[in-house]
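Welcome! Below are some short exercises, each with a worked solution, so keep the model open beside you as you read.

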Amino acid sequence: MAATGTWDAIVVGGGAAGIMAAIRSAESGRRTALLEGNQQLARKVLISGNGRCNLTNRAADDPTHYHSTQPRFPRQVLAAHPLQRTLEFFGSLGLELKEEKRGRLFPISDQAQAVVDLLEDRLAQLGVRVFRGAKVQEAIQDREGFSVRSTAGGYWAGEKLVLASGGISVAKLGADGSGLDLARAFGHQVTALRPGLVPLVSPDEYLRAAQGVKVWAEVRAPLGKGRVATDTDDLLFTPYGVSGFTILNLSARVVPLLGAGPVELEISLFPGQTPEQVSQVLQQRWEQHPERGLAFSFTGLLHAKVVSALLTKLGANAEVPVGRIGKAQRWQLAQLLTAWPVRVSQARDFDHAEVTIGGVCTTEVDPTTLESYLVPNLYLAGELLDVHGDLGGYNLQWAWASGAVAGAAG
Ligand SMILES: Cc1cc2nc3c(=O)[nH]c(=O)nc-3n(C[C@H](O)[C@H](O)[C@H](O)COP(=O)(O)OP(=O)(O)OC[C@H]3O[C@@H](n4cnc5c(N)ncnc54)[C@H](O)[C@@H]3O)c2cc1C
C-alpha cells in the first residue's frame with residue numbers, strides 16, 4: 001500500500017483538541033499530519049454555543065469547573081495552558097472576544113465559523129498537512145514508530161502520535177467511539193461513559209402542562225450525604241422533562257446518580273426569596289384582588305402554563321376566589337413556589353449531550369505531558385480523556401489546553 005507520508009507527529013482528530021495539538025506540534029518544529037475522519041474540521045466547534053462558540057470562560061482557571069474520576073488530573077494541564085494563553089493565542093490569530101453572563105467568552109462576531117477559519121489559517125501557515133476523510137481504523141507501534149491506517153486505505157508513519165478523537169456525544173459529528181477503540185487497542189482502559197450537559201427526562205406527567213416555557217429559577221440537586229448542588233439561571237420545561245442552563249449544568253453531577261433511581265430536584269421560582277417572603281407577596285396580591293380565581297391571581301407574576309402545572313401538583317382548585325383561601329394553603333403554595341419537587345429519572349441520550357462523562361482512564365496518562373504511561377510517544381487529549389467541564393466554555397478550554405500540552409510535549 002502506498003504510504004501517505006512519514007511524519008514527526010501524527011494527530012488523529014481534527015476537533016478543537018486535535019487542531020490545537022497540531023498547531024503546537026508544528027510550532028515546536030515537527031512535520032505534522034492532522035487526520036480527520038470528516039471532510040470538514042471541527043464540526044463540534046461550528047455548532048458550539050448555538051453556532052456562536054463559547055470558546056472559554058473568564059473563570060477557566062478555576063479547577064472546580066472540571067471533573068474527572070481523578071479530580072486532580074486536569075489541574076496541571078490547565079495550569080500549563082491557562083486562560084491567558086488561550087486569550088493570547090486567539091488574539092494572535094485576530095479573534096476579538098466579548099464577555100457574556102457568567103464569564104462566558106464568545107467571538108465578537110458571534111460566529112463559530114470565524115474560530116474555525118482562523119484555526120485553519122494557522123494550520124496552513126505552519127504547513128500542517130491536513131488529511132480530510134481520513135477515518136483512522138488502526139494505529140500500532142513498532143520499533144520504527146507508529147503506523148496509522150484509515151478505512152479508505154491511507155497509511156501514515158510517525159514518531160509521535162496524538163489521539164484527540166473526542167468522546168461519543170453527538171456521534172453524527174464524527175466522534176463515534178472509534179478513537180476510544182484506538183486507545184483500547186494500545187491497552188488503555190476507558191471508564192463508564194455517560195451523557196453529560198444533557199437535558200433530563202421527568203416521569204412527572206403533570207409537568208407537561210408547562211412545556212415550552214422558560215423561567216428564571218434556582219435548581220437544587222441532592223448529591224447524597226447532605227451535599228446539594230445549586231444553579232440559578234434558565235430552566236426550560238420540555239415535552240419530556242426539563243432542560244435549560246441550570247439543568248444542563250447540574251446534569252453532569254445528577255446523571256451518575258440516576259442508576260440508583262430517580263432524583264428529586266428542588267426548584268425555586270423565586271430565587272433568593274424565602275417561603276415567608278413569597279407568602280407575603282401572595283397575601284398582598286390576594287388582598288388587592290380577592291375576587292380573582294387562584295390561577296388568574298398569578299397573572300403578571302408567573303407564566304400561566306407553569307401555574308397550571310403547579311396547581312395540578314398541589315391538587316388545588318384553579319377557580320376558587322383567592323379571598324377564600326386560608327393561611328395554611330397560602331403557605332403550602334409559597335413552599336411549592338420556593339421548593340418545587342420535580343423528579344428526574346434518566347438523561348436524554350448521547351445525541352442530546354454536549355459532552356461525554358468518562359473516557360480514557362487518567363491514571364494511565366502523565367498529567368504534565370499527557371503522554372501515555374503505557375505506550376511511549378503516544379499522547380491523548382481533549383474529550384477522549386476522562387475529563388469534562390461545566391457548561392460555559394470550560395469544555396473547549398479543556399480541549400485547547402490539553403491539545404496544546406499534548407502537541408508541544410515530547
Ligand atoms: C451541541 C454542542 C454544543 C457545545 N457547545 C459548547 C460551547 O459553547 N462551549 C464549550 O466549551 N463546549 C461546548 N461543547 C462541547 C465541546 O464542543 C467539546 O467538548 C469539544 O469540542 C471537544 O473537542 P475534542 O477535540 O476533544 O473532540 P471533538 O470535537 O469531538 O473532535 C474529535 C474529532 O475527531 C474526529 N475523529 C473521531 N474518530 C476519528 C477517527 N477514528 N479517525 C479520524 N478522526 C476521528 C471527529 O470527526 C472529530 O472531528 C458543545 C458540544 C455540543 C455537542
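The exercises below go from domains to helix pairs and then to the ligand.

Two notes before we begin. Residues are numbered from 1 along each chain as its sequence is written. The model is predicted: local features need pLDDT of at least 70, side-chain atom pairs count only at pLDDT 80 or more, and totals for chains, interfaces and linings use all residues.

**Exercise 1. Find the domains of the chain and describe how they touch.**

Step 1. Domain 1 covers 6-194 + 357-408, and domain 2 covers 199-347; such bounds come from an automatic or database domain assignment.

Step 2. Between the C-alpha centres of domain 1 and domain 2 there are 40 Å.

Step 3. Six residues from domain 1 and six residues from domain 2 form the contact. Two residues are in contact if their C-beta atoms, placed from the backbone, lie within 7 Å.

Step 4. On the side of domain 1 that touches domain 2, there are two nonpolar, two polar and two charged residues. Here Ala, Val, Leu, Ile, Met, Phe, Trp, Tyr, Cys and Pro count as nonpolar, Asp, Glu, Lys and Arg as charged, and the others, Gly among them, as polar.

**Exercise 2. Describe how α2 packs with α5.**

Step 1. Helices (H or I, at least four residues) and strands (E, at least two) are DSSP runs, numbered from the N terminus. α2 spans 43-51, and α5 spans residues 112-126.

Step 2. Their axes are 8 Å apart, at an angle of about 155°. Axes are lines fitted to C-alpha atoms, for helices over the stretch in contact, and angles run from 0 to 180 degrees between N-to-C directions.

Step 3. α2 is therefore roughly antiparallel to α5. Angles under 35 degrees count as roughly parallel, over 145 as roughly antiparallel, 65 to 115 as roughly perpendicular and the rest as oblique.

Step 4. α2 and α5 have a right-handed crossing. A crossing is left-handed if the near helix is turned anticlockwise from the far one by less than a right angle, and right-handed if clockwise.

Step 5. Val45, Leu46, Ser48, Gly49 and Gly51 of α2 meet Ala112, Gln113, Val115 and Val116 of α5. This contact has five nonpolar, four polar and no charged residues.

**Exercise 3. Do the same for α8 and α10.**

Step 1. α8 (residues 275-288) and α10 (residues 327-338) have axes that come within 8 Å and cross at roughly 125°.

Step 2. These two helices, α8 and α10, are therefore oblique to each other, and α8 passes α10 in a right-handed crossing.

Step 3. Residues of α8 in the contact include Pro275 and Leu282, while those of α10 include Trp331 and Leu337.

**Exercise 4. Which residues come nearest to the ligand, and which element gives the most to its shell?**

Step 1. Of the 41 residues around the ligand (C-beta atom, placed from the backbone, within 6 Å of it), Gly13, Gly15, Gly166, Gly174 and Gly382 come nearest.

Step 2. α2 gives the most to the shell, with six residues.

Step 3. By class, the shell has 17 nonpolar, 18 polar and six charged residues.
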